[in-house]
Amino acid sequence: MTYQRVLLKLSGEALMGDLGYGIDPKVVADIAEDIAEVVKLNIQVAIVVGGGNIFRGVKASADGMDRATADYVGMIATVMNAMTLQDALERINVPTRVQTAIAMQEVAEPYIRRKAIRHLELGRVVIFGAGSGNPFFTTDTTAALRAAEIDAQVIFKATKVDGVYDCDPMKNPNARRYETLNYNHVLTQDLRVMDGTAIALCKENNIPIVVFNLFDRGNIIRAVKGEKVGTIVGGFCEVN
């Protein structure tokens, strides 16, 4: 095994599958089963989940809503996703804890770094909801922040594409996929792997990012085992 403690970043859009909005229970169940396979290998798993399938603060702000208020609503959406994923995991007997950056003590624990680490050491999956608890920061930044705080060895960013390309592969069939990238190239070429703050945090704390296709079943376990899946950010710059 290459890793012992990992952080999985899931976008909210990943949970809605082919639906235009909300949560697809089948997709969530599939993700939970893949995560369970990782846990069986005694690998500690933390998760940061987005909320874009329910509410996007940036879009609401662009439509005239106060940005801070919009971001807080988006944070609450991430908690809904976190609780849904927790339920799917516990239905297949994977012990799970949800910790939120905004106090919601009736439904989740408050985020406490040392408690989160202890949960991981006891084999529980920890899902971080409500982002960082601060407006104007994305869940990508939260993923980088939490990874640094819990000493995760890597961030797995699960997306709808099989890596990082030099341009949009949906629009350009000649787009080239990178095998490995360094942090500076991501920033200077504006490749939008994660937002700039998240990339800077990962660079400062030397946390690699593996970008891969979530919907290829088994990709999570292959990535955790260190197999070549997707694109690795943090190494030398190569183009495949």
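Which backbone oxygen lies 2.9 Å from a polar atom of the side chain of Thr159? In this predicted model, the partner is the backbone oxygen of Val161. Thr159 makes a good entry point to the structure. The residue belongs to strand β6. Thr159 has a relative accessible area of 17%, and the cut-off for buried is under 20%, so Thr159 counts as buried. Leaving aside residues up to four places away in sequence, Thr159 touches Val211, Phe212, Asn213, Leu214 and Phe215.

One of those contacts, Phe212, leads to the aromatic residues. Phe212 forms one aromatic cluster with Tyr3 and Phe156. Over the whole structure, a search finds 3 aromatic pairs. Take Tyr3 and Phe156. Their ring centres are 5.6 Å apart and their planes stand at 80 degrees, so this pair is edge-to-face. Planes over 60 degrees apart earn that label. Tyr3 sits in the segment before β1 (5–10), while Phe156 sits in strand β6 (residues 154–159). The two positions are 153 residues apart in sequence, so the pair ties together distant parts of the sequence. Both rings belong to buried residues. Tyr3 has a relative accessible area of 13%. For Phe156 the value is 2%.

A second edge-to-face pair joins Tyr111 and Phe128. Here the centres are 5.5 Å apart, with 85 degrees between the planes. Tyr111 lies in the loop between β4 (109–110) and α5 (113–121), and Phe128 lies in strand β5 (residues 125–129). The pair therefore ties together parts that are 17 residues apart in sequence. Tyr111 and Phe128 are buried as well.

What lies over the face of Tyr111? Arg146 does, at 3.8 Å from the ring centre. Arg146 also lies over the face of Phe128, at 5.8 Å from that ring centre. One arginine thus serves both rings of the Tyr111 and Phe128 pair.

Arg146 brings us to helix α6. This helix spans residues 139–149 and is mostly covered, with 8 of its 11 residues buried. Those buried residues are Thr139, Asp140, Thr141, Thr142, Ala143, Ala144, Arg146 and Ala147. Which elements cover them? The cover includes the strands β1, β2 (44–49), β5 and β6. It also includes the helices α4 (67–90) and α8 (196–205). Strand β5 carries Phe128, and strand β6 carries Phe156.

Now look at the two ends of α6. Thr138 caps the N-terminal end. A side-chain oxygen of Thr138 lies 3.3 Å from the backbone nitrogen of Asp140. After the helix comes Asp151, with a positive phi near 65 degrees.

Finally, turn to the empty space. How many cavities of 30 Å³ or more does the structure hold? There is 1. The largest cavity has a volume of about 40 Å³. Its lining consists of Val6, Leu8, Ile35, Val38, Val45, Phe156, Ile220 and Val224. At least two lining residues come from each of β1, α2 (25–39) and α9 (219–224). Phe156 links this cavity to the earlier part of the tour. Phe156 lines the largest cavity and also belongs to the aromatic cluster with Tyr3 and Phe212. Strand β1 recurs too. It supplies lining residues to the cavity, and it is among the elements that cover the buried residues of α6.

Conventions. Residues numbered from 1 in each chain as written. Predicted model: local features only at pLDDT ≥ 70, side-chain atom pairs only at ≥ 80, totals over all residues. Heavy atoms only, no water. Phe/Tyr/Trp six-rings, centres within 6.5 Å; stacked < 30°, edge-to-face > 60°. Helix = DSSP H or I, 4+ residues; strand = E, 2+ residues; numbered from the N terminus. Buried < 20%, exposed > 50% of the residue type's maximum accessible area, 1.4 Å probe, protein only. Lys NZ or Arg CZ within 6 Å of the ring centre and 35° of its normal. Polar contact = N/O pair within 3.5 Å; in protein donor to acceptor, adjacent residues only side chain to side chain. Contact = heavy atoms within 4.5 Å. 1 Å grid on protein atoms, 1.4 Å probe; cavity = no way out; pocket = protein on both sides within 12 Å on 5 of 7 lines; lining within 4 Å. Points joined across faces, edges and corners; volume = space filled by probe spheres on them.
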